[in-house]
Amino acid sequence: MTSEFKRSVCPYDCPDTCGLVIEAADNRVVKVTGDPEHPYTRGTLCPKMTHYERTVHSPSRLTHPLLRTGEKGSGSFRQITWEEAIERITDGWTKIIAQYGAEAILPYSYAGTMGIVQRNCGEAFFHRLGASRLERTICSSAKGYGWTSVMGSTLVPNPLEAQASDFIILWGTNALATNIHFLNLVREAKKRGAKVWLVDTYETPTAQIADQVVMVRPGTDGALALGIMHIMVRENWIDQEFIGKHVQGFEEFKVDILSSYPPEKVSELTGIDVGLLEQMAKIYSQASAPFISLGSGLSRYGNGAMTVRTITCLPALVGAWAKRGGGLLANISAKPLDLDKIKRVDFMQVPTRIVNMNQLGNALSELSEPPIMSLFVFHSNPVIIAPDQNKIIQGLMREDLFTVVHERFLTDTARYADIVLPATTSLEHPDIYCSYGHYCIQRVSAVIPPLPEAKSNWEVFQLLAQAMDFEEPFFSQSADELIDQIMNIQSPLLKDADLIELQKGNPVELHLPDDYKMAFNTPSGKIEILNPTDAESLPRYIESYGDDAPYYLMSSPSLYSLNSSFNERQELVDKKEAAYLLMNPLDAEEKGLCDGQEVIAFNERGEVNFIMKITAKVPPGVVVSEGLFKLKDMPGSRSINALTSQRLTDRAGASTLYDVKVDVRPA
Ligand SMILES: Nc1nc2c(c(=O)[nH]1)N[C@H]1C(S)=C(S)[C@@H](COP(=O)(O)OP(=O)(O)OC[C@H]3O[C@@H](n4cnc5c(=O)[nH]c(N)nc54)[C@H](O)[C@@H]3O)O[C@H]1N2
Ligand SMILES: Nc1nc2c(c(=O)[nH]1)N[C@H]1C(S)=C(S)[C@@H](COP(=O)(O)OP(=O)(O)OC[C@H]3O[C@@H](n4cnc5c(=O)[nH]c(N)nc54)[C@H](O)[C@@H]3O)O[C@H]1N2
Ligand code: SF4
Ligand SMILES: [Mo]
């Protein structure tokens with residue numbers, strides 16, 4: 001059989017959104033390589049995706065709908081047909097709706113696939129059903145809030161600009177694991193003489209490419225930014241002309257806020273030496289085009305939105321926006337597509353209840369009027385990825401909760417389902433992809449037919465809509481027709497010729513206007529350090545939550561998994577070696593803990609077993625666990641999110657996954 005080669009896109013929740021070339025033969029994927037013609041990712045992939053065919057054809061793929069036969073969580077199921085599965089689901093829902101109303105049904109989804117259609121198509125169905133709505137804020141909503149508060153909907157800089165910068169700050173981003181193609185640009189800038197600084201709470205693998213690592217106390221980056229700006233103002237290292245023309249509220253900020261953050265105080269708050277603060281302020285303001293790449297980790301704290309807001313003020317003080325190579329890279333949100341045509345809020349007859357995804361544990365056990373009686377999980381794995389695991393598992397154990405999970409694998413969440421439905425992988429369904437890390441967009445078609453019985457998200461919602469007698473023509477369209485619909489929009493970012501390229505499945509770069517970085521899209525047309533629409537009109541430092549325990553717990557991403565995805569691949573799990581807990585030698589000595597020993601990290605919410613790894617890369621007072629693991633790959637019965645909390649950020653209802661403290665004892 002001869003091979004066929006087709007373009008596709010990496011579907012995972014990663015800023016790089018790589019272009020792929022898929023070699024398929026005999027309805028099987030033979031090889032996956034990077035697309036050398038992709039304008040941004042240029043042919044390279046991360047170690048997870050180089051063998052994507054092993055995920056697609058994994059022996060552990062779900063191949064049939066399943067019905068629970070054992071206790072919830074036991075993983076005992078028997079095979080049923082799709083007809084029976086759909087009938088059981090719609091019968092179950094019809095009864096629940098009759099007794100409690102449709103708001104007793106809660107969809108739970110996040111980012112298993114980033115394809116615009118497969119990711120969002122459930123919304124139309126659940127709006128039509130009248131179900132509770134899920135507030136999808138686990139990842140970067142607080143970061144988005146902070147950026148928008150200062151910059152409005154100004155376009156984020158093209159990451160390619162970083163190559164032209166002479167000073168790059170990787171601020172709270174472990175880019176070597178999570179943003180490898182951006183690091184290629186950083187390396188390019190370095191070759192031309194740029195200096196690179198890293199601001200993080202421990203020495204991550206990314207430290208190897210940094211000229212200087214600034215180790216900040218967790219949750220205090222807002223104070224760090226204020227301290228740097230205080231020094232810049234004190235030394236008059238600011239761009240008065242730029243500020244005068246383009247910044248709102250600088251004088252108030254300077255007098256009311258910055259004056260209260262002298263370096264000595266900031267050093268106390270952040271744990272950073274005064275000398276290093278002075279040096280950071282100097283090199284940042286004297287650079288000709290300073291560039292900040294801002295990660296999301298520091299926004300997952302009780303003060304996360306304010307922290308991002310404060311850091312976002314930095315480039316304004318030196319006029320970095322006016323310079324090629326200068327600025328601040330937050331998440332790119334430009335989508336030249338009409339998402340309303342797929343989310344169909346208009347299908348909702350009355351506005352229904354909103355449940356925050358970070359508080360699933362409480363929702364399952366505490367909500368009333370009506371209680372949650374059915375949970376429909378698709379492309380998400382809440383048992384592993386959402387905070388307060390014990391509360392979630394307790395909820396999922398409820399005998400009266402009817403849980404359906406649509407998945408590619410029998411995840412720790414799927415094990416608690418009453419009914420499991422098998423899902424396609426991205427190579428078995430069409431979609432269109434935008435990126436939050438670069439300005440390319442690409443439409444893809446399926447490369448191989450779906451594995452027997454696997455169905456895409458959209459196909460499942462079509463079946464459910466049919467069985468529920470929804471008569472809207474919307475539900476009888478194909479996924480390709482939906483893609484056509486959302487592309488039917490006038491956008492200056494896309495030209496007619498691009499539409500032809502998209503139809504062919506080729507990657508297309510969006511057209512950014514020449515002056516886009518200086519086109520401040522805020523109500524005042526200026527950068528709004530002072531934002532009169534926020535109850536706090538000026539950024540300031542506020543404290544994070546913390547807990548009554550000695551060590552801040554970081555749970556940063558691993559190079560070998562993506563949230564809980566890729567845990568189906570044993571060779572990648574093996575590369576992570578074990579669920580380590582990294583701790584500073586001084587802390588370990590004080591606690592009498594040895595390298596390689598099994599330990600328990602604990603707080604008021606739970607206990608999790610880890611293997612101790614003692615390393616000076618982690619400062620005293622911080623412990624670190626990299627990557628999310630399946631429960632069966634943990635030394636004990638729980639994983640990291642048994643320690644994290646359902647508390648939300650200061651604004652935008654985001655998760656506070658890093659704003660967590662624990663104590664540690666021998667197992
Ligand atoms: N402690 C801690 N927790 C974290 C994080 C952290 O850093 N620390 N990171 C957080 C962040 S940033 C995020 S974004 C969330 C991510 O949370 P999730 O979006 O839930 O991410 P995944 O763990 O990748 O789970 C996605 C699931 O979708 C399935 N899937 C993939 N494609 C499809 C499809 O087409 N259809 C269906 N039905 N299923 C599909 C996959 O098999 C996988 O099990 O996790 C958060 N959780
Ligand atoms: N290999 C891999 N790639 C991924 C993911 C993955 O799990 N694995 N996840 C994907 C997802 S969903 C997302 S959202 C992106 C995330 O990507 P980014 O937003 O770029 O962030 P991360 O690389 O996750 O790094 C977060 C960093 O924040 C640090 N940090 C935590 N608290 C603080 C703090 O208070 N201050 C400072 N300065 N730093 C702090 C952590 O130590 C960690 O190094 O990556 C995506 N890419
Ligand atoms: S996970 Fe990220 S880096 Fe890896 S192939 Fe996908 S988009 Fe590229
Ligand atoms: Mo994320």
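This passage describes the two ligand sites, a pocket, the cavities and two backbone features of a predicted model.

The surroundings of ligand 1 comprise 30 residues, among which Ser380, Ile385, Glu407, Ser564 and Ser565 make the nearest approach. Polar side-chain atoms of two asparagines face nitrogen atoms of this ligand, with a separation of 3.3 Å in the case of Asn563 and of 2.8 Å in the case of Asn641. The side chain of Tyr658 places an N or O atom 3.2 Å from an oxygen atom of ligand 1. On its own, ligand 1 has 930 Å² of accessible area, and the protein covers 96% of this. The shell is made up of eleven nonpolar, 15 polar and four charged residues, and both domain 2 (66-139 + 342-509) and domain 4 (551-666) contribute at least three residues to the shell around ligand 1.

Ligand 2 is surrounded by 35 residues, with Thr178, Asp200, Asp221, Ser296 and Ser561 being the closest. Oxygen atoms of ligand 2 take part in polar contacts with both side-chain and backbone atoms of the protein: an N or O atom in the side chain of Thr173 is found at 2.8 Å from an oxygen atom of the ligand, a polar backbone atom of Asn174 lies at 2.9 Å from an oxygen atom of the ligand, and a polar backbone atom of Ser296, a residue also listed among the closest, lies at 2.7 Å from an oxygen atom of the ligand. Taken alone, ligand 2 exposes 910 Å², of which the protein buries 96%. In terms of residue class, the shell around ligand 2 holds 16 nonpolar, 14 polar and five charged residues, and at least two residues of this shell come from each of helix H6 and strand S9 (195-200).

Attention turns next to open space in the protein. The second largest pocket encloses a volume of about 1,300 Å³, and among the 45 residues of its lining, Tyr110, Arg119, Arg136, Lys335 and Lys343 are the closest to the centre of the pocket. Four secondary-structure elements, namely helix H3 (116-120), helix H4 (122-129), strand S7 (133-135) and helix H5 (141-151), each provide at least two lining residues, and H5 gives the most, with six. The lining of this pocket includes 21 nonpolar, 15 polar and nine charged residues. Because domain 2 (66-139 + 342-509) and domain 3 (142-331) both give residues to the lining, the second largest pocket lies between these two domains.

Closed space is represented by two cavities of 30 Å³ or more. The largest cavity contains about 120 Å³ of space, and its lining consists of 17 residues, with Cys14, Asp16, Cys18, Cys46 and Lys48 lying nearest the centre. Helix H6 (175-178) and helix H7 (180-191) are the elements that give two or more residues to this lining, and H6 also supplies at least two residues of the shell around ligand 2. The lining of the largest cavity is divided into eleven nonpolar, four polar and two charged residues, and at least three of its residues are drawn from each of domain 1 (4-56) and domain 3 (142-331).

The second largest cavity has a volume of about 30 Å³ and is lined by Val9, Thr17, His38, Tyr433, Cys434, His438, Cys440, Ile441 and Gln442. Strand S19 (residues 440-444) makes the greatest contribution to this lining, with three residues. By class, five of the lining residues are nonpolar and four are polar, while no charged residue is present. Since residues of both domain 1 (4-56) and domain 2 (66-139 + 342-509) take part in the lining, the second largest cavity lies between these domains.

Two features of the backbone remain to be described. Most residues other than glycine have a negative phi, and most peptide bonds are trans. The peptide bond from Glu369 to Pro370 is cis, with omega near -10°, and Pro370 is placed in the loop between helix H15 (360-366) and strand S15 (374-378). Asp469, a residue other than glycine, has a positive phi, with a value near 60°; the location of Asp469 is the loop that runs between helix H18 (457-467) and helix H19 (479-487).

Terms used: Residues numbered from 1 in each chain as written. Chains lettered and ligands numbered in written order. Predicted model: local features only at pLDDT ≥ 70, side-chain atom pairs only at ≥ 80, totals over all residues. Heavy atoms only, no water. Near = heavy atom within 4 Å. Polar contact = N/O pair within 3.5 Å; in protein donor to acceptor, adjacent residues only side chain to side chain. Areas by Shrake-Rupley, 256 points an atom, 1.4 Å probe, with all protein chains shown as cover. Nonpolar A, V, L, I, M, F, W, Y, C, P; charged D, E, K, R; others polar. Domains from an automatic or database assignment. 1 Å grid on protein atoms, 1.4 Å probe; cavity = no way out; pocket = protein on both sides within 12 Å on 5 of 7 lines; lining within 4 Å. Points joined across faces, edges and corners; volume = space filled by probe spheres on them.
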